[in-house]
Amino acid sequence: MPEPKNRTHSVREIKVKTPGGKVVLQFRRRKPKLAHCSSCRAKLPGIPSVVGRMSSLSRSQRRPERPFAGKLCSACARKVFMQKARSIGASS
Amino acid sequence: MVLEIGRVCIKIAGRDAGRHCAVVDILDSNYVLIDGATRRRKCSILHLEPTAQKVELKKGASHEEVKAAFAGIQLEVLATKPKHAAPMPKKIRKSEAKSAQAAPEKKGAEELIKKKDSVKKEAAKKNEIDAEIVSEEKSESSREAVQGSQKEKPAAKKKSAGKE
Ligand SMILES: [Zn+2]
């Protein structure tokens, strides 16, 4: 029976073969999911999947330097900017 | 061509994305020079979305001219800092710093210090002479003491032997 702290699905089990030839069960914490675009659900590159270490990173290491960074992928953000440009033309 | 000189665009890629800019120069079929709320830079036409607005600009207009043109259509321009770096602070050597401190003192003070030094030297010489005399005396007394101790020791031994 594993220890109580390891009796959860947030801890994954892996089987490791030791030098003595035994196969033992080890427990590793799962990594958090990658950030996704809220529009097209694509994985967002440039955003690290870390727990607790985010505040130690610099601001430019956390997300791209762009409006909607960390929320929209670059393609979806580009669509938003193009809509903005075209709406300016329509209004005036 | 839609992207002629003076056309107001919105940049759709990079860290200046979402900001207004005006085309200042056309470099070739793929690249233009832009300026305005973005940095003044070469830009691919794929990263620009033209708007219906247009401002009057000459080819290769300066940042100030773009600023004046943008004021007409209620748009702000990125404030650019001058690129002249501040001069590095000069390092002062320790020896130079000492001389700089000593220079403002008056001459009279220096003479006084010299006098004091000479007095100290004389005193030091006297002390040395005294010390030599004392050391000679000490050495004589120490010899006597050593002889005395040598004399005393066998006596003590005798005393202890007698007690036993
Ligand atoms: Zn997307």
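In this predicted model, the zinc ion is held by four sulfur atoms, the SG atoms of A:Cys37, A:Cys40, A:Cys73 and A:Cys76, at 2.2 to 2.3 Å. Seen from the zinc ion, these donor atoms subtend angles of 99 to 115°, so the arrangement counts as tetrahedral. For comparison, the ideal angle for four tetrahedral donors is 109.5 degrees.

Along the chain, the donors of the zinc ion are spaced as C-x2-C-x32-C-x2-C. The long gap in the middle of that pattern falls between A:Cys40 and A:Cys73, which sit 33 residues apart and link distant parts of the chain. A:Cys40 belongs to the loop between strand S2 (23-29) and helix H1 (59-62) of chain A, while A:Cys73 is found in the loop between H1 and helix H2 (74-91) of chain A.

How buried or exposed are these cysteines? A:Cys40 has a relative accessibility of 41%, so this residue counts as partly exposed. A:Cys73, on the other hand, has a relative accessible area of just 12% and is therefore buried, the cut-off being under 20%. A:Cys76 also counts as buried, because its relative accessibility is 10%. As for cysteines bonding to one another, a search of the whole structure turns up zero disulfides over all chains.

Over in chain B, B:Arg7 makes a nice second stop. This arginine is located in strand S1 (residues 7-11) of chain B. With a relative accessibility of 13%, B:Arg7 counts as buried. What does the side chain of B:Arg7 contact? One polar contact, of 3.1 Å, joins it to the side chain of B:Glu4. A polar atom of the B:Arg7 side chain also lies 3.3 Å from the backbone oxygen of B:Gln53. Leaving aside residues up to four places away in sequence, B:Arg7 touches B:Val2, B:Cys21, B:Ala22 and B:Val23, as well as the run B:Pro50, B:Thr51, B:Ala52, B:Gln53 and B:Lys54.

Finally, how confident is the predictor about chain A? The mean pLDDT of chain A is 91, and 96% of its residues reach 70 or more. Within chain A, confidence is highest in strand S1 (residues 11-17), at 94, and lowest in H2(A), at a mean of 87. As a rule, predicted coordinates should not be read in detail where pLDDT is low.

Methods. Residues numbered from 1 in each chain as written. Chains lettered and ligands numbered in written order. Predicted model: local features only at pLDDT ≥ 70, side-chain atom pairs only at ≥ 80, totals over all residues. Heavy atoms only, no water. Donors = N, O, S within 2.8 Å, 3.2 Å for Na, K, Ca; no water. Tetrahedral: all angles 85-135°; square planar, octahedral: opposite > 155°, others 65-115°. Helix = DSSP H or I, 4+ residues; strand = E, 2+ residues; numbered from the N terminus. Buried < 20%, exposed > 50% of the residue type's maximum accessible area, 1.4 Å probe, protein only. Disulfide = S-S within 2.5 Å. Polar contact = N/O pair within 3.5 Å; in protein donor to acceptor, adjacent residues only side chain to side chain. Contact = heavy atoms within 4.5 Å. pLDDT = per-residue confidence, 0-100.
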